[in-house]
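Visitor: Could you take me through one part of this structure up close? I'd like to follow the side chains and see what packs on what.

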Amino acid sequence: APVQLQLPLELCRDYTRFNRRHHADLNNPVLVRARELAHALGEARGWSRGLSTRVDQGLVVLLSTHHDQDKVRYSELAPAVRHHGRVAEVLDQLDLLHDDRVPAFETWLQRKLDRITPGIHQETEDWIRVLHDGGPRSRPRDPNTVWHYLNAVRPILLSWSDRYDHLREVTRDDILAVAQSLHGNKRRHTLCVLRSLFQHCKKKGVIFRNPTARIPIGPNQYHAIIPLPNNDI
């Protein structure tokens, strides 16, 4: 006989409908542990009486009907309780929180890679993730460095996307054209970033030749220090 399979379905809970008179269960063991932890945290960190009360109220809303294996999604608690950051901290310490927020880095990365052709998009994303998260033989870069790197090459990648489907199609002449269009430290920085991108692709084996190889980057141009006039001193 045919058997109908049951698909797992995760339903989002709506805690905004909580009614303390009808739904509160102050004897729920999970809630009891959470309230004790919140009280200890409040005393250790100097929470005001009002803040402690609102955190306690939030825990009652979230955990009155809670079971041991359940976790509360961050997206569920945020609309239902005030000071949800403090409440989330209590839940997290008890391993009761499922943080389903999308990291800001992910949103920023997808926005910056928008409109870049898929082949170039994939290689660039892989490179940026290695810079951001680190790799087997590389440490994570400073987030500001990652931000500056992608901002520096994004206009170039958009331009290449109009005529190329993959970074392996980029030639040395393309790199020279970029170099000739820039000057000073901006030229040097952009070439350094492109070299980093293509070195990553060469290491991963997604390009045959590195088009940035043997193209001189040039020295860093420091601004001359001009002495201040006597009146400014």
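Guide: Let's look at helix α6 and then its neighbour α7. Residues are numbered from 1 along each chain as its sequence is written. This is a predicted model, with local features needing pLDDT of at least 70, side-chain atom pairs counting only at pLDDT 80 or more, and totals for chains, interfaces and linings using all residues, while side-chain values use heavy atoms and leave out hydrogens and water.

Helices here are DSSP runs of H or I, at least four residues, numbered from the N terminus. Start with α6, residues 104-112: Phe105, Trp108, Leu109 and Lys112 are buried (under 20% relative accessible area with a 1.4 Å probe, protein chains only). They cover an arc of only 100 degrees around the axis, so they sit on the same side of α6; that arc is taken from the directions from the helix axis to the C-beta atoms. The cover over these buried residues includes α7 (118-133) and α8 (143-161), counting contacts as heavy atoms within 4.5 Å.

Now zoom in on phenylalanine 105 and tryptophan 108, which are three residues apart in α6, about one turn of the helix. Their ring centres are 5.9 Å apart and their planes at 35 degrees, so the pair is tilted. Rings of Phe, Tyr and Trp (its six-membered ring) pair if their centres lie within 6.5 Å; planes under 30 degrees apart are stacked, over 60 edge-to-face, and the rest tilted.

Over in α7, the buried residues include Ile120, Trp127 and Leu131. What covers the buried residues of α7 includes α6, α8 and α10 (184-204). Just after α7, glycine 134 takes a positive phi of about 85 degrees.

Key. Buried < 20%, exposed > 50% of the residue type's maximum accessible area, 1.4 Å probe, protein only. Helix = DSSP H or I, 4+ residues; strand = E, 2+ residues; numbered from the N terminus.
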